[in-house]
Amino acid sequence: MSCDCNENCDPAWTTEIQQGETFKFSVDLADSAGAAVDITGCTATFTLKKTLDSAAAVTLSVGSGLTVTGASGHIDGVVPAASTAPLKGDYYGSLKITLSG
């Protein structure tokens with residue numbers, strides 16, 4: 001199972017990233033009852049794109065900018081300052097999570 005928030009989800013938030021600064025974010029996944037979704041063994045990718053159809057300007061993955069705490073359904077992301085330095089204007093962020101099994 002996977003969820004690509006560009007295709008299936010309403011935007012959860014809008015944020016501003018300062019050019020040349022480190023950007024950190026966290027996501028907690030829960031089911032309809034509010035219980036944490038166990039994402040142990042998942043793959044996850046976060047991208048920033050100028051348009052929804054353009055190539056990614058920034059890509060993070062598990063172990064390379066994304067940290068997954070599986071049983072609690074928690075993901076931390078860090079986009080380093082060097083990656084935000086060349087970005088100008090508005091970008092779209094997408095987090096795609098694919099559960100194992």
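pLDDT is the predictor's confidence in each residue, from 0 to 100, and it is the quantity to keep in mind for the views below, since this is a predicted model.

**Figure 1. Confidence along the predicted chain, from strand β1 to strand β4.** Confidence in the protein is lowest in strand β1, residues 2-4, where the mean is 41, and highest in β4, where it is 97. Over residues 1-9 the pLDDT stays below 50, although this stretch has 18 contacts in the model beyond near neighbours in sequence. For the protein as a whole the mean pLDDT is 87, and 87% of the residues reach 70 or more.

**Figure 2. The protein in overview, with one helix and seven strands.** Read from the N terminus on, the elements follow the order β-β-β-β-β-β-α-β. Among contacts with a separation of 6 or more, 69% are accounted for by residues 24 or more positions apart. Buried residues make up 23% of the 101 residues in the protein, and the exposed area is about 6,400 Å², of which carbon and sulfur atoms supply 50%.

**Figure 3. Strand β3 between its partners β7 and β4.** Strand β3, residues 43-49, runs antiparallel to strand β7, residues 92-98, and seven bridges join the two; within this pairing, Ala44 stands opposite Ile97 in β7. Strand β3 is also joined to strand β4, residues 56-62, by five bridges, again in the antiparallel sense, and here the bridge partner of Lys49 is Ala56 in β4. Strands β3 and β4 form a hairpin, with six residues between them.

**Figure 4. Thr47, a residue of strand β3.** Is Thr47 buried or exposed? Its relative accessible area is 13%, and because buried means under 20%, Thr47 counts as buried. Not counting residues up to four places away in sequence, Thr47 touches Ala56, Val58 and Thr59, and also Tyr92, Gly93 and Ser94. Ala56, the bridge partner of Lys49 in β4, is thus one of the residues that Thr47 touches.

**Figure 5. Strand β6 and its pairings with β2 and β5.** Strands β2 and β6 pair in the antiparallel sense over six bridges, and in β6 the bridge partner of Asp28 is His74. Strand β5, residues 65-69, also pairs with β6 in the antiparallel sense, over four bridges, and His74 serves in this pairing as the bridge partner of Thr69. Strands β5 and β6 form a hairpin with four residues between them, and Gly73 in the turn has a positive phi of about 65°.

**Figure 6. The largest nonpolar core, a set of 15 residues.** In soluble globular proteins, nonpolar side chains tend to be buried together. Which residues of the core touch the most other members? They are Phe46, Leu66 and Ile75. Strands β2 (23-28), β3, β4, β6 (74-79) and β7 each supply at least two residues of this core, and the largest share, three residues, comes from β3.

**Figure 7. Leu66 and Ile75, with their contacts.** Leu66 is found in strand β5 and, at 2% relative accessibility, counts as buried. Leu66 and Phe46 are 20 residues apart in sequence, while their C-alpha atoms are 8.0 Å apart in space. Leaving aside neighbours within four places in sequence, the contacts of Leu66 include Phe25, Ala44, Phe46, Leu60, Ile75 and Leu95. Under the same exclusion, Ile75 is in contact with a set of residues that includes Phe25, Val27, Ile39, Ala44, Leu66, Val68, Leu95 and Ile97.

**Figure 8. The aromatic cluster formed by Phe23, Phe25 and Phe46.** The count of aromatic pairs comes to two. In the pair made by Phe25 and Phe46, the ring centres are 4.6 Å apart and the planes stand at 40°, so the pair is tilted. Phe25 lies in strand β2 and Phe46 in strand β3, so this pair ties together parts that are 21 residues apart in sequence. Both Phe25 and Phe46 are buried, and Phe46 also appears among the core residues that touch the most other members.

Definitions and conventions
Residues are numbered from 1 along each chain as its sequence is written. This is a predicted model: local features need pLDDT of at least 70, side-chain atom pairs count only at pLDDT 80 or more; totals for chains, interfaces and linings use all residues. Side-chain values use heavy atoms; hydrogens and water are left out. Two strands pair if DSSP finds at least two bridges between them. A nonpolar core is a set of buried Ala, Val, Leu, Ile, Met, Phe, Trp, Tyr and Cys residues joined through side-chain atoms within 4.5 Å. Buried means under 20% relative accessible area, exposed over 50%, partly exposed in between (1.4 Å probe, protein chains only). Contact means heavy atoms within 4.5 Å. Rings of Phe, Tyr and Trp (its six-membered ring) pair if their centres lie within 6.5 Å; planes under 30 degrees apart count as stacked, over 60 as edge-to-face and the rest as tilted. Accessible areas come from the Shrake-Rupley method with a 1.4 Å probe; for residues, only the protein chains shown count as cover.
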